Structures are given as C-alpha cells and as structure tokens.
Number of protein chains: 2
Amino acid sequence: MNLFILGVTGNIGKQTLDVVRTSKNKFKVVAVSGNTNLKKMKDIINEFSPKYVSMGKRDDILKLQELYPNIEFGYGIESLIKVVTYGGLGEDLVVNALVGSVGLKPTIEAIKKGRNIALANKETLVIGGEIINELLKEHNVKIIPVDSEHSAIMQCLNGEDFSTIKNIIITASGGSFRDKTRKELRNVTVHDALNHPNWSMGAKVTIDSATMMNKGLEIIEAHYLFNVDYDHIKTVMHRESIVHSLVEFHDTSVIAHLGNPDMRVPISYALNYPSRAQYNGKSLDLVKMGKLHFEELPYSKYPLLKMAIDAGKSKGLNPTTLNAANEAAVNLFLNGKITFLQIEEIIRECLDVFKNDLNITLDKILDRDLKVKDYTYKKYS
Amino acid sequence: MNLFILGVTGNIGKQTLDVVRTSKNKFKVVAVSGNTNLKKMKDIINEFSPKYVSMGKRDDILKLQELYPNIEFGYGIESLIKVVTYGGLGEDLVVNALVGSVGLKPTIEAIKKGRNIALANKETLVIGGEIINELLKEHNVKIIPVDSEHSAIMQCLNGEDFSTIKNIIITASGGSFRDKTRKELRNVTVHDALNHPNWSMGAKVTIDSATMMNKGLEIIEAHYLFNVDYDHIKTVMHRESIVHSLVEFHDTSVIAHLGNPDMRVPISYALNYPSRAQYNGKSLDLVKMGKLHFEELPYSKYPLLKMAIDAGKSKGLNPTTLNAANEAAVNLFLNGKITFLQIEEIIRECLDVFKNDLNITLDKILDRDLKVKDYTYKKYS
C-alpha cells in the first residue's frame, strides 16, 4: 500500500508513522508534507525515504534539497496537491492529517486522482461536504475517517443496513474545562486550555475540545460521512473517553465502540480498512475502569456546539464562515490576543457579518474562508 | 416466514409471540408446543391458528381436540419433533424455547430438515455442541442465538472477520444474590432466588443466574456458536444489564451491544435475521442511566462458574453430566427438597460419580442425561 501523508510532522502524522512501523512490509511512504518542523522532517526522510516531500516554506526545502539530492521537494498549497497526486496508480491511500480548511483542496484532488482517503482533516467535510460527497460518487472513492468518534461509528455500522439507523450518538469527554462554570471560563489561560484530560492532541483540536466546537464540527462531519439527519445525531458527555461513539438502530439495539484512548487504533483501522490488522496496544480493562459515566452536554454551557449544528443545518457557506472564524479565533487565543470566551463571540459576529449563500462552489468556499479569516485577524490582532 | 415454536407458553415463547404480533403479515405460526398450561395454549390457538399443537400430557390434547377438530395434536418428545419438522419446506424458522436437555433432539431434527433455528435452548449447545456443529455444516443450516448475550455478540461480529477476535466478553448481572456473602447464601429461600434484579425470566434460568451456572452454560454455548477458545471467553459483572456483551478484536477495538433489558429485542433480531426489523421498544437513555458499573465475577463466590467452564473444556459427556445434575438440583431446590448451596454440591458430586467419555454420540448424551437425573432425584427427593 502506497501512502501519501499530509501533515506528517503533526500529532496524527506521527501516530500514523507509528502504525506504519508495525507493518513496514505492508506500507510504503511515498510522499509527505510537513509545515515548519524541519528537524522532524529530516528524521522522517531518514527513516521512511519518501520520494516527494512538501514543506511550508521555500527556505526549508532549499536546505533539504542540499541534504537529499535524490528526493523531489515542493512548498505551498500546490505541493500539497502534488503529495496526494504523486506518481502513478497502484494500491494507494492518502492520509489527510492537515489541520484546518487548507485540507479541502488536496482532498478534492486526491478524489479526482481516484485515491481513497484516510481523513483526519474534519474541515474537509465541514466546509466541503456537499461537494465532496458528489465527487466521491463520481470517482468511486472512499473516505475512511480517522477521528476516533467517526472510526467508532464506522465500525459500529459494519455489516449493517444504514436505513436501520435511528440515532448516531457521539461521545464527548467534555474537554479541559468540563468542570468549570461559565463564569470561571472568563479567566482561563492558554496553558489551562491545552491540558486535555484524556487525549494527547494538537493545540487546535485541544482548544476546539474545550470550546466544544470540536464536537460541533464532528456532528457536521458525521452528517456527511454517514448521511444521517442532524436531528438524529446526538451527543453525550462521557468523561472517560472509553466509549468512542454509539449507533442506535431502529430495534433499540445500540452498538458501541470502546477502547483506551489511543489514536493509533482508528489510524490503524483506516490504513488497513476493510481488514482489521493486529495492533499491540493496551487491552481495555473494564473491571479496572469500574465505572463509565454519561452526562448531558448542555448547549447553555457550550453555545458553540449549538452554533455549529445550526451552521451545519443551514448548509451553504455558513459552515465555512463558522470554521474560518473558529480557526482564526483559536489562533488568536493561542497567541494571547483574545480571551477564551472571545472565541465564541468572534464566531457569532462572523456568522452575523457574512451572509449565507446556498449555491456553493469550491471557489466560493475558499474565498469565504479567506475573507472571514482576514476580517477576524485585522479586527482582533 | 413460517414459525415452528417449541415452548410457546413459556417466558421466551410469550415474548416471541409479542414480536410476531408486531409483524403479523411477515410471520405465520404453523406449529407450537406447550407443556402443562392449557389455558394459555387455548388463547394462542385462538389468536394464531397453528396447524399443529403439542402438549406435555395426553389428557390435555384430548381436551383440545374436542374444541379444535381441524387442528392436529400430539404429546411427548415425538410430538416436539413433529412440531419442528411439520409440513413442507418454505421460508421456515424453528424457535426452540424449551428449557433443558429435552431441547436437543428437536434441534437435531430441525437441522436435518434443513430449517434454521432461533435458539433460546442453550442446553442444546451445552450438551450437544460437538454433534450440532457437525450437523449445521452438513445441512447448511444456521443457528441464530436468542440469549441476549449471544445475540449481542452476534451483532458485534456483524461484518467482522472471526479470525480477528481476541476475546469475547460476556456480561453478568450477578443474579439475585450478587450482594450476598457465601455465608448468607446458606439460608436463602426459593422466593429470594426468583427475584432477579433486571430480567423477567423463567424460574430455571433465574436460579441459574443466582448460582452463576447460567453464565457457565453461556460460555459453553458461546464456545460452540462463535468457535472461540475457552481461554478467550471472559466474563465481567455488570449490574445494570445494559451492556449485553462485548467483543474485543486484535487491534484492541471493543464492540459492544447495549440496550434496555428486553428479551424481545434479541428475539426480534433472531426472527428477522439477517435484517433488523423496527421494534418500538424504549430507547436506551445513557444520560438517565448516568453510570455503568463493571466488576470482577470471582470464582470464589461462584464455584459453579468455574465448574461449568472446566466441564466445557473437558468436552465429551462432562457438560451433559454438569447440565443434568444442574437441571435436577434446581428442580429439587424449587420444590423445597434441598438448600441453595446444595445445588453446587450435587453437581460436584455427579461430576465425580459419572466419569467422562470423550467419544460421544447422541444416544450416549441422552442416556447420561437420564442416568444423572435419576441418580440425583433418587438420592435427594
């Protein structure tokens, strides 16, 4: 299996390589993209010998070119597309582990090339779901989700007739601030926010977990992945992150996916789909766990959850506006420019300022994405 | 779908008819057996108009014959076989909801007739698993389990490759005496034992739940149904009976089946397999549940659990000896002849007195079954 990995130096990229290491005979890393982490990219090149490497900046590829004269290099968005379309057709899989809307165009080009995609970049479906689902049909390509929740749902749906789904139930750990009141959230720091109770993740998704925007994005993603109405996608707060999600069928049967929080399990599932390869992780010990807790995930505490669902329901460019405002606001928060609660204020503001347009195209999505980010950065930097 | 229902007047039979009522256009009740409940059988005849009816005693069928001259009647073991082999071949399903070893022969005849079987009679597989699995292959017949645990496991295995199973994990509520010490068990009454915390079941299986023999029998049943080694069939105590069982795969993924305790769900699944028909039961409300508990199921408290697993592992006639001694002992307990803890003493005694024989045939199984019961009743009545 030839792998084309976007975001290889990030958190999901790193764990993807862990999975590749366990079956080096099965997987060949052909092309990869990183952003700014030159040292990590050198290590990856030394270990996996990819044929094509993309970095964020021209300077970095010049340095790499000197060290590795037999490897092709590129930078910028065009080189991300080169990563996913590199070489001829074989048994191929694109792993899209980019963070943010930048993942959309490479996903589209991978589909057009006819390559299946292990998708960790949820923004692809959040902002481009309508376009993507058409393209998947047209090119007979599959998206296999890497998010633990969506991988769980996909596994629960194994062998099932989708028309018998009653509800999809997505679990949420509650994020770093699950035990704080709205009042206490006024003064939380970046450091507090990055301290996720269960999962080790990148900065962006850890903040999204704290605001619960992450769960909102996941609901939109689930809507497009599994073709289920928003009214039949529920959430439940589950502190232990052991139950990764559930599907209720129309006979009241509920099938759930459980396991220790370890992203290598859904990554391995996506890389080996439709097989299930062995993975020597830690077995779940329910007796040791003792209890699993389930609570409501109230909109009153997490207004971004409702804002995301509403944006998803309203379709068109609203999900793009929501996502772009969130990307910019989280970035501003991480850089100390705004407070935690300003994230939701900014997103609400952007959804007011930028009007919805139901008649979407890829160009309109990319244009809206840029404009919302520009607006937000100019006003709040 | 033509239904041939053994044990129609019992607890599972009653709930099977509840499921039939929800899709009267889909199911036709062709032949049924009851035992002593004449009144209930009359109601069933009036509502479902079966063509053939079996009862335990000749007197009862004489009474029924007068009332229903157009229906065929029979009694005794031969008429149970008539129930499952009645009529020509169509879209047929046998529902075996008999209690005890009496279910084995009718199951075998149903398989020979080429009819699939919804199996609630776990004794069929406990004492005859080796023979049954050969016959299923030979006649290309399927057994679909009705037990909530085994139905759960079957649903968890939907679309999965059996070679990727690492462990099957069967949940146990702990039965009526889960919070009693061994010392307290010395003086428990039949009335105490019949008070199961979660499930409404027949007397035999409720006592088996209290002794944990039921879980032992289920482990043997699971071994034959899913072809998994005893060392990879685990148990966990789960008070709420919401998680009905789980399967761990070799990538550490665990798939579980959850739902409110309602036998009509697994019955509906078995009747409609491989489809999943709508059933208007109560949806599981995890938030309302709040917590799910998992504890160890210690052999020290439940010696019959280990005795059953050991009997299963040793194969041959030992499972038959175990099961026959249990059937007789539970009967004696229900009739006030022995104490609760004598059940396990009697089973241990029988496994000592009756030697194992690995070279089994149907005749040897039925002969051993009779001899162990005779021995037990004569000694303890």
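**View 1. Strand β3 of chain B pairs with its neighbour β2.** In β3(B), S54(B) is the bridge partner of S33(B). Three bridges link β2 (residues 28–33) of chain B to β3 (residues 52–55) of chain B, and the two strands run parallel. Strands count as paired if DSSP finds at least two bridges between them. Helices (H or I, at least four residues) and strands (E, at least two) are DSSP runs, numbered from the N terminus. This is a predicted model: local features need pLDDT of at least 70, side-chain atom pairs count only at pLDDT 80 or more, and totals for chains, interfaces and linings use all residues, while side-chain values use heavy atoms and leave out hydrogens and water. Residues are numbered from 1 along each chain as its sequence is written, and chains are lettered from A and ligands numbered from 1 in the order in which they are written.

**View 2. Seven strands of chain B make an open sheet**. The order is β4-β3-β2-β1-β5-β6-β7, with parallel pairing. At the edges sit β4 (72–75) and β7 (143–145) of chain B, each paired on one side only. Neighbouring strands are turned by 20° against each other on average, direction ignored. Axes are lines fitted to C-alpha atoms, for helices over the stretch in contact, and angles run from 0 to 180 degrees between N-to-C directions. Strands of a sheet pair through backbone hydrogen bonds, either parallel or antiparallel.

**View 3. Two helices lie across the sheet strands of chain B**. Helix α2 (residues 38–48) of chain B crosses β2, β3 and β4 of chain B, at about 170° to β3(B). Helix α4 (residues 77–85) of chain B lies across β1 (2–6), β2, β3, β4 and β5 (92–96) of chain B. Helix α4 runs at about 150° to β3(B).

**View 4. Helices α10 and α14 pack in chain B**. Helix α10 (residues 213–226) of chain B meets helix α14 (residues 318–334) of chain B at about 150°, with axes 12 Å apart. That angle makes α10(B) roughly antiparallel to α14(B). Angles under 35 degrees count as roughly parallel, over 145 as roughly antiparallel, 65 to 115 as roughly perpendicular and the rest as oblique. M213(B), L217(B) and I220(B) of α10(B) touch L322(B), N323(B) and N326(B) of α14(B). Contact means heavy atoms within 4.5 Å. The contact residues are four nonpolar, two polar and no charged. Here Ala, Val, Leu, Ile, Met, Phe, Trp, Tyr, Cys and Pro count as nonpolar, Asp, Glu, Lys and Arg as charged, and the others, Gly among them, as polar.

**View 5. Helices α9 and α14 pack in chain A**. Helix α9 (residues 203–211) and helix α14 (residues 318–334) of chain A pack at about 100°, with axes 10 Å apart. The two are therefore roughly perpendicular. A203(A), K204(A), I207(A) and D208(A) in α9(A) meet N326(A), E327(A), V330(A), F333(A) and L334(A) in α14(A). This contact has five nonpolar, one polar and three charged residues.

**View 6. Loops hold some backbone exceptions**. Most residues other than glycine have a negative phi, and most peptide bonds are trans. The bond from Y273(A) to P274(A) is cis, with omega near 5°. P274(A) lies in the loop between α11 (264–272) and α12 (286–289) of chain A. In chain B, a cis peptide bond joins Y273(B) and P274(B), with omega about 5°. S49(A) is not glycine, yet its phi is positive, near 45°. S49(A) sits in the loop between α2 (38–48) and β3 (52–55) of chain A.
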